[in-house]
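The following note concerns the surroundings of a bound ligand. Please read each point with the structure in view.

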Amino acid sequence: MATTTVIDRYGVMGHPVSHSRSPVIHRLFALQTGQKMQYELLHVAPDNLETAVRQFQRTGGKGLNITVPHKRAVINLVDLISERASTAGAVNTLVFRGSEIHGDNTDGIGLLRDLDVNLDVALEGSNILILGAGGATRGIVGPLLEMQPRSLCIANRTVDKAEVIAANFERYGPISACRFDAVPVDEPYDLVINATSAGLQGETPPYPEEAISGETFCYDLSYGLSPTPFSTWARDHGAARSVMGWGMLVEQAAESFEIWRGVRPDTVPVLKQMQINA
Ligand code: NDP
């Protein structure tokens with residue numbers, strides 16, 4: 001009698017999502033760890049998010065990554081949320097357990113692993129500026145504050161969103177919020193993180209030039225096959241280093257993979273392969 005093998009389904013939902021390299025990364029993790037699974041790219045507009053998540057669950061999906069711009073909205077669909085996702089107010093990983101949906105957030109730990117382990121960036125006592133106040137910023141602020149920076153400022157086009165995040169996190173450390181044109185520049189920034197999605201739309205917001213000095217490490221959460229607009233801007237304005245978010249992408253994916261499959265992949269060869277292909 002013929003037997004059918006059902007392959008566990010995973011995927012990433014976003015809008016846009018065609019730029020995402022998550023399918024390649026999870027394929028490499030699955031090969032490396034001998035896991036039988038497939039990982040799909042799912043383009044889902046905001047109005048269709050709930051229908052798409054529930055349909056994926058109904059049709060045997062085991063887990064999802066959630067990306068721009070759904071990380072906050074998806075919270076309304078989860079039955080159980082991890083502490084780190086709840087503190088962040090943003091979810092990037094869903095696990096389907098029976099009829100329940102569990103939500104977690106691996107962005108913060110992914111960024112920290114890249115900065116701390118892969119790139120050896122010292123965070124304790126540093127001055128940090130984050131540009132953007134969307135779902136990704138919510139995920140990274142808590143873990144960054146745990147590293148005890150001297151200051152952390154969030155600048156955003158819509159300043160209210162930055163202010164809400166700063167208010168949520170003020171009990172965890174020295175955090176403030178402002179507009180792009182009001183970034184405090186009395187002291188140089190050690191680390192400037194671009195967490196806007198402007199580059200995805202080919203836009204370059206008026207990033208604050210005065211925030212960059214020859215000592216500044218610039219990190220773009222966005223990544224691309226060629227340098228992103230922010231990484232080019234940072235290099236052109238004299239940053240000490242300008243790095244794209246490949247490492248965070250691979251590290252947050254490894255954390256999601258472990259949550260889903262119970263196996264920790266080795267990120268080093270996968271990151272090398274992604275950067276060689278980039
Ligand atoms: P959201 O949609 O939640 O937030 C987008 C942010 O970008 C908002 O702060 C928005 O400002 C700002 N923005 C968008 N367009 C412009 C513009 N033209 N000028 C100024 N600001 C703009 O997205 P996420 O937070 O989920 O993701 C942000 C970026 O980080 C994306 O590019 C995503 O791909 C990347 N990312 C990378 C990861 C990695 O592993 N490397 C992980 C997570 C995210 P406003 O509030 O004013 O609308």
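A polar contact is a pair of N or O atoms within 3.5 Å. The model discussed here is predicted.

1. With that cut-off in mind, consider Lys161. An N or O atom in the side chain of Lys161 lies 2.7 Å from an oxygen atom of the ligand, so the pair falls within 3.5 Å and counts as a polar contact.

2. The side chain of Asn156 also takes part: one of its N or O atoms is 2.8 Å from a ligand oxygen atom. At Leu249 the backbone is involved instead, with an N or O atom 3.2 Å from an oxygen atom of the ligand. The ligand taken alone exposes 920 Å², and the protein buries 91% of that area.

3. Where does the ligand sit? The ligand occupies the largest pocket.

4. The ligand is surrounded by 29 residues. Those that come nearest are Ala136, Thr158, Lys161, Glu203 and Leu221. By residue class, the shell consists of 13 nonpolar, eleven polar and five charged residues.

5. Which helix gives the largest share of the shell around the ligand? That helix is H8, with three residues. Helix H5 (135-146) and helix H8 (246-261) each supply at least two residues of the shell.

6. The shell should also be read in terms of domains. Domain 1 (8-106 + 250-266) contributes at least three residues to the shell around the ligand, and domain 2 (108-247) likewise contributes at least three.

Key: Residues numbered from 1 in each chain as written. Predicted model: local features only at pLDDT ≥ 70, side-chain atom pairs only at ≥ 80, totals over all residues. Heavy atoms only, no water. Near = heavy atom within 4 Å. Polar contact = N/O pair within 3.5 Å; in protein donor to acceptor, adjacent residues only side chain to side chain. Areas by Shrake-Rupley, 256 points an atom, 1.4 Å probe, with all protein chains shown as cover. 1 Å grid on protein atoms, 1.4 Å probe; cavity = no way out; pocket = protein on both sides within 12 Å on 5 of 7 lines; lining within 4 Å. Sits in = over half its atoms within 2 Å of the grid points. Helix = DSSP H or I, 4+ residues; strand = E, 2+ residues; numbered from the N terminus. Nonpolar A, V, L, I, M, F, W, Y, C, P; charged D, E, K, R; others polar. Domains from an automatic or database assignment.
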